[in-house]
Amino acid sequence: MTAKKTILSGSTVTGDLTLGNYIGAITNWKKLQEDYDCLYFLADLHALTVFQDPKILKDRTYSFFAQYLALGLDPEKNTIFAQSHVHEHTELSWILTCLTPLGYLNRMTQFKDKSEKHEKNVNAGLYTYPILMAADILLYQADMVPVGEDQRQHLELCRDIVGFFQNRYGEGTFKMPEAYIGKMGARIMSLQDPSKKMSKSDENDKNYVSIIDDAKKIEKKIKSAATDSDTVVNYDPENKPGLSNLMVIYSVLGNKTMAEIEKAYEGKMYGHLKVDLAELTVETLKPVHEKYNDLMKNRDHLDQLLRKGAEKASVRAALTLTEVYNKVGLIPRR
Ligand code: TYM
């Protein structure tokens, strides 16, 4: 029997989980859990790179965890945990920080975007963020990392860091991870401005559908999505970015090809598609909301699941970190 490959991914605990996160990442996480050894975590330490109200961060972390479970991630099949519960993440991150040249960090487009957005709080953590991300991945010897398009550059840096480590200390400590980016939906765009990605920390909540938005909000947001003035429903991301974005969402949630959608809307208007997409989204999220509301009633249960997840993750993380400490010349604690 061959061992299952290892998958790892996570989401930063900021803003609201959106349809973008669901379609770009979590649908793939769900598919992969059937055949792989998967670890999915809540990147709560990454959230601290922007200012967080402590109480809101705590509540949001429970909420994200409940959303992971309600969206169909199974805590029995997978290892699901909070990043801050496994101290090896920050320890490995330090070792990798000492290997990463500044020039590589300077290239990160997400750092540039975020430091413009949070110009009053451009802290060192925002800058070293992708190194912590590399530590998350390398600790568990992940083979594949399912992410949306916006994380591709961070994944490439992670692979570079494996190279820096190998050059200094030799091969065999870390597995070289691959990004796993879905063909469809890897970059869901903002509803009001389809030239930028749908972001969960967008100040204007009309730009995204949150997983826990109620039916009324979902309908309103989708029906008022910005589209061009043409009427023919055809997939054309260049000239019809708003419509094409809605079609991508439709295609993933409704499991339909673009050709099938185009055919179904022949002779109809954009408005028809918007109404149907709103209904499809509400229907898709209805069972998720029910499960989510149930889970959120019982924090003790969530705590128990988080503890189990952290226990499973810690055993694996400790193995890698011990080897790393040994390789770099730190005396083992006796
Ligand atoms: P985060 O929290 O921004 O997003 C979580 C996942 O959702 C994907 N995503 C999207 N996909 C399609 N369209 C969109 N509009 C969209 N917006 C977000 C992201 O690509 C991501 O896969 N740094 C990471 C969290 C992280 C991580 C890791 C991921 C920390 N350590 C290790 C993988 C491995 C982040 O902030 O993702």
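Which residues in α6 meet which residues in α7? In this predicted model, Q110, F111, K114 and S115 of α6 meet L126, Y127 and Y129 of α7. Sorted by class, the contact of α6 with α7 has four nonpolar, two polar and one charged residues.

The geometry of this pair can be stated in a few values. Two packed helices are described by the angle between their axes and the distance between the axes. Helix α6 covers residues 109–117 and helix α7 covers residues 124–139. The two pack at an angle of about 155°, and their axes are 10 Å apart. Because angles over 145 degrees count as roughly antiparallel, α6 is roughly antiparallel to α7. The crossing in which α6 passes α7 is right-handed.

Helix α6 also contains K117. With a relative accessible area of 43%, K117 is partly exposed, because this class lies between the limits of 20% and 50%. When neighbours within four places in sequence are left aside, K117 is in contact with S201 and E203. A polar atom of the K117 side chain lies 3.3 Å from the backbone oxygen of S201. A further distance was computed from K117 to D213: the two residues are 96 residues apart in sequence, and their C-alpha atoms are 25 Å apart in space.

S199 is placed in the loop between β5 (178–180) and α9 (215–223). Its relative accessibility is 17%, so S199 counts as buried; the cut-off for this class is under 20%. Not counting residues up to four places away in sequence, S199 touches T18 and Y208.

A second helix pair is formed by α10 (241–254) and helix α12, which covers residues 270–296. Here the packing angle is about 40°, and the axes are 10 Å apart. An angle of 40° falls outside the ranges for roughly parallel, roughly antiparallel and roughly perpendicular, so α10 and α12 are oblique to each other. The crossing of α10 and α12 is left-handed. On the α10 side, the contact is made by L243, L246, M247, I249, Y250, L253 and G254. On the α12 side, Y270, L273, K274, D276, L277, L280, T281 and T284 take part. By class, this contact of α10 with α12 has ten nonpolar, three polar and two charged residues.

Two loop residues were examined on either side of α10. E238 is found in the loop between α9 and α10, and its relative accessible area of 70% makes E238 exposed. The C-alpha atoms of E238 and E171 are separated by 44 Å, with their positions 67 residues apart along the chain. N255 is placed in the loop between α10 and α11 (258–264). At 70% relative accessibility, N255 counts as exposed, since the class begins over 50%.

The backbone of N255 was also considered. Most residues other than glycine have a negative phi. The phi of N255, however, is near 55°, a positive value in a residue other than glycine. Q141 likewise has a positive phi, of about 55°, although Q141 is not a glycine. Q141 is found in the loop between α7 and β4 (144–146).

N78 lies in the loop between α3 (54–70) and β3 (79–82). The relative accessible area of N78 is 1%, so N78 is buried. Its side chain is joined to the side chain of Q33 by a polar contact of 2.6 Å. With neighbours within four places in sequence left aside, N78 is in contact with Q33, C38, Y40, L73 and K312.

The last residue considered is T322, which is placed in helix α13 (residues 299–328). At 55% relative accessibility, T322 counts as exposed. Although T322 and L92 are 230 residues apart along the chain, their C-alpha atoms are separated by 9.9 Å.

Methods: Residues numbered from 1 in each chain as written. Predicted model: local features only at pLDDT ≥ 70, side-chain atom pairs only at ≥ 80, totals over all residues. Heavy atoms only, no water. Axes fitted to C-alpha atoms, helices over the stretch in contact; angles between N-to-C directions. Helix = DSSP H or I, 4+ residues; strand = E, 2+ residues; numbered from the N terminus. Parallel < 35°, antiparallel > 145°, perpendicular 65-115°, else oblique. Left-handed = near helix turned anticlockwise from the far one by under 90°. Contact = heavy atoms within 4.5 Å. Nonpolar A, V, L, I, M, F, W, Y, C, P; charged D, E, K, R; others polar. Buried < 20%, exposed > 50% of the residue type's maximum accessible area, 1.4 Å probe, protein only. Polar contact = N/O pair within 3.5 Å; in protein donor to acceptor, adjacent residues only side chain to side chain.
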